[in-house]
Amino acid sequence: MLLTTDDDAIIDHEVLNGFERNMGIARDSHGRKYKLGINTKHLESLVYFMREVIYTDNLPYEISEKGVRTASKEIERFIPRLRIFSTFVFHDVALSPDLELFQKEFRKHPIKDYVMGLKKATVRKKAELCNDFINRLRTEAKECRIKAKVNDWERGSEQNLKRINQYVPAIFNVHARINAIRVDLYYHNSECKDQEAVESMSAHFQHLDSIAQNVYLPYEDKASETLSPASPQQEEGKPTAHVQHADGCSTSIFTVTEDWRHLMDNKRGKPSLFKHLIGYVAVIECSRIGGYHIHAAFFFNGSRVQKDAYLADQIGKYWVQLTDHRGHYHNCNAVKYKHPALGIINHDDDVKRRNLMLALAYFAKKDQFVRIKPTLKTKTFFTGHLPRKRTSKKGRPRRNTVLEKTSEIVPNRMDAGFREVHDN
């Protein structure tokens, strides 16, 4: 069962929802969630607006002696949101090349003064400005070879997705059923004390974002800006490997990577947990306040392992032990979902396998539009080795089924299985 291009819109939507959660939600030590004053709800609209700009020749308005009329509703519908789009600049986030192009050109173009309410315009003037702005974006996109830059930016995400399309069906080709376990692995120093602390950090980040919005620079030029006294790395203008909290606490991505490798290296020494492990997919993710953390899906031989929630809890407790109690966890298998993707999944269960594949696609493509990470070379996506191909012809043959259109099985995008617990 493979993901296809029909699933792209669903995956893109969840990736952007995940970014909104990472930017707008914090947790305390009791698991309570707090909403920050940061809203990226319309970021998805900006993505689609830039696709209209780059991949079509449409203009929003047709202007003639008789007046102004809408030429393309597909692109005209985004015009009222240009002001909101201009706020999607964050001091600690790298934007994809197309989104960055919008931010640069918007701040250069006269349309900015009218959109921001600094000047008034007639209907005709507004239409002329909008058409000219979009033509300017297209000219700059061609000059800087934006399509090639976007392809380069997305290459890692596409390779990750290709790996999942190869890896998960290969597991089902060997095993009649798997037991899918999902555990989210966090750190205590990423927790917020209370609502007051959340509001303080939220105001701190919004202040830094407002500076970045007023004087927009590409992420590479902003990398040396600090949230607190500069580290040696930051003084040299190099991106820091930490996500800095308002209170100065953070866990470096190098520490998170080492803890994950330690967990994987210890599998053989912990047969009570990992004896029947047949694969895994994991991603290191970052939230603005929660810092770096890990979303991990473990696949066990479903013919040997049945108690999924219990096993997920044991893996979480082992994470706490392995990190010397610096870490904590969330057991996703202990939660019931409308569209499940965890627990026992038979190789011929198309619905549950679809749910699983779409959920794992989020792991693969989380950096497709924005990145909160120290360098582009940092590895944040992990899978196990491909299983050996079946040589025996006994039993029912396995099949790699291409997914049907998502709307036919999963009515509400990434509503399936463990995708509902990505809040950070």
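Colleague: Let's start with the serine at 96. Where is S96 found?

Modeller: Keep in mind that this is a predicted model. Along the chain, β5 covers residues 94-95 and helix α5 covers residues 97-108. S96 is found in the loop between β5 and α5.

Colleague: And is S96 buried or exposed?

Modeller: S96 has a relative accessible area of 2%. Anything under 20% counts as buried, so this serine goes down as buried.

Colleague: Moving on to the helix that follows, how are α5 and α8 oriented to each other?

Modeller: Helix α5 (residues 97-108) and helix α8 (residues 146-174) have their axes 8 Å apart and pack at an angle of about 130 degrees. That is over the 115 degrees where roughly perpendicular ends, but not over the 145 needed for roughly antiparallel. The two helices are therefore oblique.

Colleague: Which residues of α8 make that contact?

Modeller: On the α5 side, P97, D98 and L101 take part. By class, the contact has 5 nonpolar, no polar and 2 charged residues. The α8 side brings in I146, K149, V150 and W153.

Colleague: How many Å apart in space are S96 and K149, C-alpha to C-alpha?

Modeller: K149 is one of the α8 residues in the contact with α5, and S96 sits in the loop between β5 and α5. In sequence, S96 and K149 are 53 residues apart. In space, C-alpha to C-alpha, the gap is 8.7 Å.

Colleague: What about the other helix pair: how do α2 and α7 lie to each other?

Modeller: Helix α2 (residues 43-55) packs on helix α7 (residues 123-143) with the axes 9 Å apart and an angle of about 70 degrees. Angles of 65 to 115 degrees count as one class, so α2 and α7 are roughly perpendicular.

Colleague: How many charged residues does the contact of α2 with α7 have?

Modeller: From α2 come F49, M50, E52 and V53, and from α7 come I134, L137 and R138. Sorted by class, 5 are nonpolar and none is polar. Glu and Arg count as charged, so E52 and R138 fall into that class and the number of charged residues is 2.

Colleague: How far is L43 from F88, C-alpha to C-alpha?

Modeller: L43 lies in helix α2 and is buried, with a relative accessible area of 2%. F88 is 45 residues away along the chain. Their C-alpha atoms are separated by 7.1 Å.

Colleague: What value of phi does R145 have?

Modeller: R145 lies in the loop between α7 and α8. This arginine is exposed, with a relative accessible area of 58%. Although R145 is not a glycine, its phi is positive, at about 55 degrees.

Colleague: Where is the place of H325?

Modeller: H325 also shows a positive phi, about 65 degrees, although it is not a glycine. This histidine is exposed, at a relative accessible area of 59%. Its place is in the loop between α14 (308-322) and β9 (327-331).

Colleague: How many Å separate the C-alpha atoms of S272 and Q314?

Modeller: S272 lies in helix α13 (residues 271-274) and is exposed, with a relative accessible area of 65%. Q314 is 42 residues away along the chain. Their C-alpha atoms are separated by 9.5 Å.

Colleague: Now the cysteines. How many disulfides are there?

Modeller: The rule needs a pair of cysteine sulfur atoms within 2.5 Å. Among the cysteines, C144 is partly exposed, with a relative accessible area of 24%, and C332 is buried at 0%. By the distance rule, the number of disulfides is 0.

Colleague: Zooming out, what percentage of the contacts with a separation of 6 or more comes from residues 24 or more positions apart?

Modeller: The protein has 15 helices and 12 strands, and 52% of its 424 residues count as buried. It exposes about 20,400 Å², with 48% supplied by carbon and sulfur atoms. Of the contacts with a separation of 6 or more, residues 24 or more positions apart account for 76%.

Note on methods. Residues are numbered from 1 along each chain as its sequence is written. This is a predicted model: local features need pLDDT of at least 70, side-chain atom pairs count only at pLDDT 80 or more; totals for chains, interfaces and linings use all residues. Side-chain values use heavy atoms; hydrogens and water are left out. Buried means under 20% relative accessible area, exposed over 50%, partly exposed in between (1.4 Å probe, protein chains only). Helices (H or I, at least four residues) and strands (E, at least two) are DSSP runs, numbered from the N terminus. Contact means heavy atoms within 4.5 Å. Accessible areas come from the Shrake-Rupley method with a 1.4 Å probe; for residues, only the protein chains shown count as cover. Axes are lines fitted to C-alpha atoms, for helices over the stretch in contact, and angles run from 0 to 180 degrees between N-to-C directions. Angles under 35 degrees count as roughly parallel, over 145 as roughly antiparallel, 65 to 115 as roughly perpendicular and the rest as oblique.
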